[in-house]
Structures are given as structure tokens and as C-alpha cells.
Amino acid sequence: MRAVALAALVAGIGSAFAGQGWAEEAFVTNQLSENLTVVDLTSLRPVATIAIGGKPAGVAITPDGRFAYVTSPDIKALTVIDAAARRIVGKIDVGGGPLGVAVTPDGATVYVADWYAAAVRVIDPREQRVIANITVGASPSGLAVTPDGRLLLSADRDADSVSVIDTATRERRAVVKVGTRPFGITIDAEGRRAYTANVGSNDVSVIDIAEHKEIGRVKTGLRPYAVALAQGRGFVTDQYDGTVSVFDLATLAPIKRITVGDYPEGIAATADGRRVIVANWESNSISVIDAAELKVTGEIKVGDGPRAFGRFLRR
């Protein structure tokens with residue numbers, strides 16, 4: 001059974017884009033109910049629940065939409081899910097405290113932040129094993145890969161910095177000082193700028209990736225967690241305020257705060273940039289924001305304690 005599942009996994013991972021044959025979906029990790037809810041973003045209804053275990057937190061979908069990778073800190077594992085079949089096809093022991101997760105554009109490499117070891121695990125998904133480790137700053141949390149796949153950025157929470165890693169050499173090329181306690185990190189579509197949500201200083205740092213330096217700071221609500229980009233705007237979840245702070249990406253000027261569910265955490269924009277999806281930890285729901293009108297247009301119930309930390313939309 002495992003051999004069949006692994007063979008199917010190997011055949012799929014790293015393949016070229018096959019063309020999307022599904023409605024856009026949200027893969028929401030529910031930490032307290034220890035499962036994952038799949039939400040159809042067309043009908044705005046849950047369509048599947050997948051048991052994960054180990055307090056799932058981080059999630060990343062491969063660019064071709066075939067696989068979802070989920071971190072479980074309590075069992076020190078990375079779960080591999082066949083996204084279309086809604087079926088677990090692998091569980092990789094990564095040790096430590098796995099949190100953030102990211103996938104290269106070709107789907108051939110997966111990175112997992114180890115909160116306790118100040119390291120990023122490099123995983124070969126075909127072989128389903130850790131093949132290397134990269135030293136970063138203390139308590140790495142969010143991870144993001146540039147669109148060209150050449151750089152990996154790690155938000156190192158307790159180092160108040162971001163590590164810039166060359167994915168070819170697996171060496172840290174630079175360390176960028178940012179605000180206090182960076183957690184979520186997002187890179188723009190051009191690979192020029194990165195944005196960190198700084199939970200300790202209640203702001204967002206804007207990083208020029210090529211220059212390896214912070215070029216701006218934007219105030220947010222209390223305890224910002226993660227950032228999404230859409231329609232020339234940044235959207236930031238404010239955990240303690242139950243809001244999403246919106247700012248202009250060109251001027252960095254604040255635009256508005258949108259009230260969502262309680263304790264919002266994971267956030268991501270849909271492929272067309274028209275909607276922003278927010279996971280609300282204490283409300284056990286996801287909110288749907290119209291990115292142009294800047295208002296909530298829907299709320300869908302999911303599991304207990306949704307986090308959805310990472311790129312959780314299957315496009």
C-alpha cells in the first residue's frame with residue numbers, strides 16, 4: 001500500500017503544470033481539532049476534512065496544486081497530502097519543532113522551519129526524507145521562496161531578522177534586521193520585496209531582497225501574524241484586534257482596518273487577487289474579504305483552532 005502511494009507521489013512531484021482542473025480551494029490547518037478542512041472557494045462550503053494529528057500548523061501547496069504539505073509540531077512530522085484525492089500519501093519525520101513550510105516553484109524541494117533548532121530542514125519529497133539542514137537565526141517561523149526559486153527567506157522570530165539563503169548552495173547569503181519578532185513572511189510576485197509581520201513591534205517590515213535591507217516599516221494593529229498581497233495593497237492579520245490592516249504597497253500608507261473573526265492568523269489572496277481569505281483561530285472560521293471594496297463578504301465554519309500558516313490556497 002505504501003509502495004503504491006509512494007510511486008504515485010514520485011510520479012507527480014516535480015512535474016510541469018498540468019492545467020488547473022479544479023475550483024480554487026483553501027486548505028485550512030485546524031490545530032485544536034488536529035485536522036485540515038478543504039473549502040471550495042466558489043461555493044464557499046467545506047468539501048472535505050482530513051485527519052492530520054500532532055497539532056497541525058504550517059501548510060504549503062505545490063504550485064501545480066497536486067500536493068499539500070502540513071507541519072505537525074507535536075509529532076515532529078511533515079504530512080504529505082494528495083490534494084485532489086484528499087488522501088495522506090506520506091508522513092516524514094523531521095524532528096525538532098516544525099512550523100513554517102515552503103515549496104520551490106518546481107515542487108522538487110520542500111523546506112521546513114525548525115523552531116527549536118534554529119535551522120531549516122531541506123526535504124526531498126520524492127524520497128520523503130530530510131537531505132540537508134541550513135543554519136538560520138533563533139526560532140525560525142515563516143518561510144518563503146522567490147518566484148525564480150533561487151532564494152529562500154526565513155523569518156527568524158527571536159533573532160529579529162530574516163535569513164536570505166541561496167537555494168543552490170544552501171548557504172545563508174545575508175541577514176536582514178527587521179522589526180521585533182518577525183513571524184509570517186511574504187514575497188511579491190516579482191521577487192523584489194518581502195514583507196514580514198512583526199508580532200513584537202506591531203508593524204510590517206518591507207525588505208528589498210536584492211539589496212538585503214529593510215526599506216520601510218508600516219504600523220498595524222496588535223500582534224500582526226502574516227501578510228497577503230492583492231490589488232496593490234498589503235493585508236495583515238492583527239491577532240489581538242480581530243482585524244486586517246490594509247496598506248498601500250507603493251506609498252506604504254495605511255488605508256483601512258477591516259473587522260474579521262476573532263484572533264485572525266493565516267491570510268492569503270486568491271489567484272485573481274479579488275479576494276483575501278483569513279483564518280480566524282478563536283471563531284473557528286475563515287473570512288472572505290473583497291480586496292477592492294475592502295469589506296467582508298462571507299464567513300465559513302471550519303475546524304477548531306484554524307491557523308493556515310503559509311500558502312494555503314490551492315489555485
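**Exercise 1. Determine whether asparagine 284 is buried, partly exposed or exposed, and describe its backbone.**

Step 1. The relative accessibility of asparagine 284 is 24%. Buried means under 20% relative accessible area, exposed over 50%, and partly exposed in between, with a 1.4 Å probe and protein chains only. Asparagine 284 therefore counts as partly exposed.

Step 2. The structure is a predicted model, in which local features need pLDDT of at least 70, side-chain atom pairs count only at pLDDT 80 or more, and totals for chains, interfaces and linings use all residues. Residues are numbered from 1 along each chain as its sequence is written, and side-chain values use heavy atoms, with hydrogens and water left out.

Step 3. Asparagine 284 is located in the loop between strand S25 (275-280) and S26. Strands are DSSP runs (E, at least two residues), numbered from the N terminus.

Step 4. Although asparagine 284 is not a glycine, its phi is positive, at about 55°.

**Exercise 2. Carry out the analysis for histidine 212, stating its loop and its accessibility class.**

Step 1. Histidine 212 sits in the loop between strand S18 (203-208) and strand S19 (213-219).

Step 2. With a relative accessible area of 25%, histidine 212 is partly exposed.

Step 3. The phi of histidine 212 is near 60°, a positive value in a residue other than glycine.

**Exercise 3. Describe the sheet that contains S26, including its edges and twist.**

Step 1. The sheet is open and has four strands in the order S24-S25-S26-S27, with antiparallel pairing. Two strands pair if DSSP finds at least two bridges between them.

Step 2. Strand S24 (264-269) and strand S27 (295-301) are the edge strands, each pairing on one side only.

Step 3. On average, neighbouring strands of this sheet are turned by 25° against each other, direction ignored. The strand axes are lines fitted to C-alpha atoms, and angles run from 0 to 180 degrees between N-to-C directions.

Step 4. S26 (residues 285-290) is joined to S27 by six bridges, and the two run antiparallel. Opposite valine 288 stands glycine 298 in S27.

**Exercise 4. Identify the strand order and the edge strands of the five-stranded open sheet.**

Step 1. The order is S7-S6-S5-S4-S28, and the pairing is mixed.

Step 2. Strand S7 (87-93) and S28 stand at the edges; each has a single partner strand, so one side of each lacks a neighbour in the sheet.

Step 3. From one strand to the next, the twist averages 15°.

Step 4. Six bridges connect strand S6 (residues 77-82) with S7 in antiparallel fashion, and threonine 79 stands opposite lysine 91 in S7.

**Exercise 5. Characterise strand S16 (182-187) and its hairpin.**

Step 1. S16 is mostly covered, six of its six residues being buried.

Step 2. Four bridges join S16 to strand S17 (residues 193-198), and the strands run antiparallel. The bridge partner of isoleucine 187 in S17 is alanine 194.

Step 3. Five residues lie between S16 and S17 in this hairpin, and glycine 191 in the turn has a positive phi of about 75°.

**Exercise 6. Describe the largest pocket and the second largest pocket.**

Step 1. A pocket is an open set of points on a 1 Å grid over the protein atoms alone, where a 1.4 Å probe fits, with protein on both sides within 12 Å along at least five of seven lines; lining residues have an atom within 4 Å of a point. A volume is the space filled by probe spheres set on the points, which are joined across faces, edges and corners.

Step 2. The largest pocket has a volume of about 1,200 Å³. Among its 49 lining residues, Thr186, Ile187, Asp188, Arg311 and Arg315 are the closest to its centre. S20 gives the largest share of this lining, five residues.

Step 3. The second largest pocket holds about 190 Å³ of space. Its lining includes Trp115, Arg157, Tyr225 and Glu265.

**Exercise 7. Establish the setting of threonine 237.**

Step 1. Threonine 237 belongs to strand S21 (residues 233-238) and is buried, with a relative accessible area of 0%.

Step 2. Threonine 237 and isoleucine 267 are 30 residues apart in sequence and 6.9 Å apart in space, C-alpha to C-alpha.

Step 3. Leaving aside neighbours within four places in sequence, the contacts of threonine 237 (heavy atoms within 4.5 Å) include Arg223, Tyr225, Glu265 and Ile267.
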